[in-house]
Amino acid sequence: MTDPQPAAQPDPALPAPAPADPFRPDPALYGPERRERILRAAVRDGLLDPEDALLAGFVDLDAVAATVDSLHRAFEDAGEVLHTFAAKANSLVPVLRHLRDLGMGCEVASPGEFAQALAAGFAPERIVYDSPAKTRAELRLALELGVAVNIDNWQELARVDEILAERGAAGTRSRIGIRVNPQVGGGSIGAMSTATAHSKFGITLADAGNADRLLAAFRDRPWLTWLHCHVGSQGCPLDLMAEGVAAAVGFARKTNSELGRRQVVGLDIGGGLPVNFDGDEVSPGYPDYVGRLKDRAPALFTGEFRVVTEFGRSLLAKSGFTAAYVEYTKTSGGRPVALTFAGVQVAARTVFAPDSWPLRISAHDGTGAAKHGEPVEQDVAGPACFAGDLVAKARPLPLLEPGDIVVLLDTGAYYTSTPFGYNSLLEPAVHGATVAADGTVRFSVLRRPQTVEDLLARTGG
Ligand SMILES: *Cc1c(COP(=O)(O)O)cnc(C)c1O
């Protein structure tokens, strides 16, 4: 800016602005100016190009760092806490490495995620292995390396018994826990609700006989020292999540008092903080959840238990966006349709379950500058060959034209990092971005774009 404005005088009629909350990240990191700055730099640098780079994902690494910082601060008085990142939310190795550098651990739930976490350099004791279907080989490796394991069911418990017997005196350094389902009910998205009466996850606490059987399992196994729960993800209210954690904490205390010893030493409380997909505000934030946990499960904050968390979506979603060029536009049944390159391959949940997963979209011209025209209801379609491949239906936006760019907001988790291979659509590049104090944007490669040669090699060509 060459001619600075005189500093505005505060209006005495208005309340003084709230002081910045040290427990919440700077809202400017998640706002439209910053996104536009990154987008324009991406066009300038050729990371988005109407011929060669029609679609790309972006992760704002500074915003991720601020989110991680707010998580650490929120749990500051919980004693010994290990915050792990649920790798399925964004399993790109450079993203995992960034999170490791920020002091996170990693939660994994498949051999692929396990390998990615190790490649990102997480120490085995900072990795947690969850999954309802761990094979013998996976369990053997986890117990060999000292990775924490959460057992999902009685048969898996028997398998771990066998592997530990095989290992004999070698034992294991792994923290081993049992995942319980507190059966507190579901949230607004059934597929994201893990603590329902009939959920496939964990051992149900309320079903006949299970509480006694769990108690006996702990009594007979000195190495079984953790309890795990993950009540749900997007759509679950904070009170429901806190209620589930409180049930697990209650069960841990009951176990310790009935066994007359400190058998359960730690609680893994899972993740699941919902994300606001309606606006730029980071709400709820980690301090909101911690407030509920302090009310309902105060024992987490007295030093009585060690704590592990496993947040995914809330750590990455709002720090990422996906940008695509509009190739053509048309009118269908009187409604404008923009045909873009962002569809089911990068936004599977939104395309298949649009009511549960609506995404905000912003409209930009070919340079990345925001378009300001009169809003017109229009469909924003992807390139795939089925009618439902829409990322927005009848959405009021400035009228899109060929060569414009659409941006799918809040897609840093479970979207572009998690592509769907329909129509052999190629996996787009994902770029990391950082913004220096002088406004300079620097990019790094988080995932190079898949090429036709990669695709052919993978599909037997
Ligand atoms: C998916 C998952 C998480 C992370 O959930 P988010 O909603 O992304 O925070 C944590 N723990 C387990 C066991 C999970 O399956």
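## Residues around the ligand

In this predicted model, 15 residues surround the ligand, and those that come nearest are Lys88, Ser233, Glu310, Arg313 and Tyr414. Sorted by class, the shell around the ligand contains six charged, six polar and three nonpolar residues.

The ligand takes up the space of the largest pocket.

## Polar contacts of the ligand

Two contacts involve oxygen atoms of the ligand. In one, a ligand oxygen is 2.8 Å from an N or O atom in the side chain of Lys88. In the other, the protein partner belongs to the backbone: a polar backbone atom of Gly272 is 2.8 Å from an oxygen atom of the ligand.

A nitrogen atom of the ligand also has a polar partner, a side-chain atom of Glu310 at 2.7 Å. On its own the ligand has 390 Å² of accessible area, and the protein covers 93% of this.

## Salt bridges

Side chains of opposite charge can pair when their charged atoms come close. With a cut-off of 4 Å between a side-chain nitrogen of Lys or Arg and a carboxyl oxygen of Asp or Glu, the model has 25 salt bridges.

One of them joins Glu156 and Lys134, whose closest N and O atoms are 2.7 Å apart. Glu156 is part of helix H6 (residues 154-167), while Lys134 belongs to the loop between strand E4 (127-129) and helix H5 (136-145), so this pair ties together parts that are 22 residues apart in sequence.

## Backbone features in two loops

The peptide bond between Ser283 and Pro284 is cis, with omega at about 0°. Pro284 is located in the loop between strand E9 (266-268) and helix H9 (286-296).

Another loop, between strand E6 (176-181) and strand E7 (203-204), contains Gln183. Although Gln183 is a residue other than glycine, its phi is positive, near 50°.

Technical notes:
Residues numbered from 1 in each chain as written. Predicted model: local features only at pLDDT ≥ 70, side-chain atom pairs only at ≥ 80, totals over all residues. Heavy atoms only, no water. Near = heavy atom within 4 Å. Polar contact = N/O pair within 3.5 Å; in protein donor to acceptor, adjacent residues only side chain to side chain. Areas by Shrake-Rupley, 256 points an atom, 1.4 Å probe, with all protein chains shown as cover. 1 Å grid on protein atoms, 1.4 Å probe; cavity = no way out; pocket = protein on both sides within 12 Å on 5 of 7 lines; lining within 4 Å. Sits in = over half its atoms within 2 Å of the grid points. Nonpolar A, V, L, I, M, F, W, Y, C, P; charged D, E, K, R; others polar. Helix = DSSP H or I, 4+ residues; strand = E, 2+ residues; numbered from the N terminus.
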